[in-house]
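These are my notebook entries on one chain. I set down what I looked up, entry by entry.

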Amino acid sequence: MLEALKPHEPTRLPGQIASSRVIEVQAKAGPARIRRRHWGLMLSFLVLVVAPLVAIFVYLTEYAAPQFASTAGFTVRQNEPTGPSELLGGITQLAAGPATVDGDILYEFIESQALVQRLQARMDLTAHYSAPHETDPIFALPRDTSIEDFVDHWQRVVRTSYNQSNGLIELRVLAFSPEMAQALAEAILEEGQVLVNALNAAVREDTMRYSQADLDLASDRLREAREALTAFRTRTQIVDPESDLQGRLGVLNNLQQQLAEVLIEYDLLLENTTNADDPRVRQTGQRIDVIRARIAEERENFNTFDYGGGEEDYPSLMTEYEGLLVERELAEQAYGLAVAALDLARTNAARQSRYLAVFIAPTFPETAEFPRVDVIMGQAVLFLLIGWSILALVYYSIRDRQ
């Protein structure tokens, strides 16, 4: 009995080396089995990922109302101002501002509450976008919504793409019927044209007002310059000091010529007569003295000028007169530019300097492109998987710490 319980030893043949003894070791871990936490993880995957995906897919395919998209493309064009732009300089720039600013204004206007209110009064947008709310509460608008909520919903159904580098604006309007999508896109373009016309009117009024104010200032300046020149002439009793100076020089030259002739005559008399008391010699000498005195007096008049109101030096009078002439010429030039600017403003006001250029007319959709099931489902799968993975990692992190 005891021998039967002894471990069996293998039979060793002659000449064979004894082998080592085989010892069986019991495994520390048993075979892998599905435990309760694994079932919980799979259940959480079904609840947090699969079930929401099925619900989203069913809602998009069965309950979501189809939406049609109408596309339009436009920009704000600006006519180049005509006229003497090289003379008017900044005045022509005032008549027409940069088109990019108009594009920014139009872009903000399309997304504003003011446009929503105008279109609401024209087309009753609330009735259209709230019609399928009973079956599609996600993509439809509640019937008793406020204007602020409708503006938020407006950002979803009207999407605008604006390129500031070239000023092109692309508009996409979503609606539950193709007719409504196209009509709403056309209404947005019409309201945009109304806004551009209002900008034109404001620019025309500002340009006309500023041009008329510049003309009034130039007229006052020209009138003051002419009045100052008239007052100078009245005070000095000289119409043109330059002409008066030329006349004075002519008198002086004439006196000097007469003096030269009398001196020659006097020399001839002295050579031809021997009588020192000759009356002709005495008269000629007196004439020489008178001419010399007159010449000295005329030269003195070049420095001082005597008029009815007083006495003043002639160089000061000439300086004052030349300053008045320069002021009158500048005033005349400014007046001419102001008149040209006003004419240009009137010409530009008679035509439309800004207009809405539509390069893609509002399209009529034939197929409902929205909601995009493939895009929404792809995003849902991505975010649900990320969320479920994060929750699973958090759970195992907490479990390992315990």
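**Entry 1: S130 and its surroundings**

I began with S130, which touches L141, P142 and R143, residues up to four places away in sequence being left out; contact here means heavy atoms within 4.5 Å. The model is a predicted one, in which local features need pLDDT of at least 70, side-chain atom pairs count only at pLDDT 80 or more, and totals for chains, interfaces and linings use all residues. Residues are numbered from 1 along each chain as its sequence is written, and side-chain values use heavy atoms, with hydrogens and water left out.

I placed S130 in the loop between α7 and α8; helices (H or I, at least four residues) and strands (E, at least two) are DSSP runs, numbered from the N terminus. Is S130 buried or exposed? S130 has a relative accessible area of 1% and is therefore buried, where buried means under 20% relative accessible area, exposed over 50% and partly exposed in between, for a 1.4 Å probe and protein chains only. From C-alpha to C-alpha, S130 and R143 are 5.4 Å apart, with their positions 13 residues apart in sequence.

**Entry 2: the chain as a whole**

I counted 13 helices and six strands in the protein chain. Of its 402 residues, 31% count as buried. Among contacts with a separation of 6 or more, 80% come from residues 24 or more positions apart.

**Entry 3: α6 against α8**

I then looked up how α6 (residues 113–123) packs on α8: the angle is about 100 degrees and the axes are 10 Å apart. Axes are lines fitted to C-alpha atoms, for helices over the stretch in contact, and angles run from 0 to 180 degrees between N-to-C directions. The angle therefore makes α6 roughly perpendicular to α8, on a scale where under 35 degrees is roughly parallel, over 145 roughly antiparallel, 65 to 115 roughly perpendicular and the rest oblique. From α6, the residues Q113, L115, V116, Q117, L119 and Q120 meet I147, F150, V151 and W154 of α8. Sorted by class, this contact has seven nonpolar, three polar and no charged residues; Ala, Val, Leu, Ile, Met, Phe, Trp, Tyr, Cys and Pro count as nonpolar, Asp, Glu, Lys and Arg as charged, and the others, Gly among them, as polar.

I also noted D124, in the loop between α6 and α7 (125–129). D124 is not a glycine, yet its phi is positive, about 55 degrees. Its relative accessible area is 41%, so D124 is partly exposed.

**Entry 4: the second largest pocket**

What volume does the second largest pocket have? I recorded about 260 Å³. On a 1 Å grid over the protein atoms alone, a pocket is an open set of points with protein on both sides within 12 Å along at least five of seven lines, whereas a cavity is a set where a 1.4 Å probe fits but cannot get out; lining residues have an atom within 4 Å of a point. Grid points are joined across faces, edges and corners, and a volume is the space filled by probe spheres set on the points.

The lining of this pocket has 14 residues, and F139, R159, F370, P371 and I376 lie nearest the centre. At least two lining residues come from each of α8 (147–157), β3 (168–175) and α13 (373–401). The classes are seven nonpolar, three polar and four charged.

Two of the central residues, F370 and P371, are joined by a cis peptide bond with omega of about -5 degrees. I located P371 in the loop between β6 (354–360) and α13.

F370 also appears among the contacts of Q67, together with F139, L174, A175, F176, A368 and E369, again without residues up to four places away in sequence. Q67 lies in the loop between α2 (36–63) and β1 (68–78). Q67 counts as buried because its relative accessibility is 7%.

**Entry 5: the second largest cavity**

A search of the whole structure gave me two cavities of 30 Å³ or more. The second largest has a volume of about 30 Å³. Which residues line the second largest cavity? They are F74, L106, F109, I110, L115, I188, L189, G192 and L356. Both α5 (99–110) and α9 (178–236) supply at least two of its lining residues. By class, I noted eight nonpolar, one polar and no charged residues.
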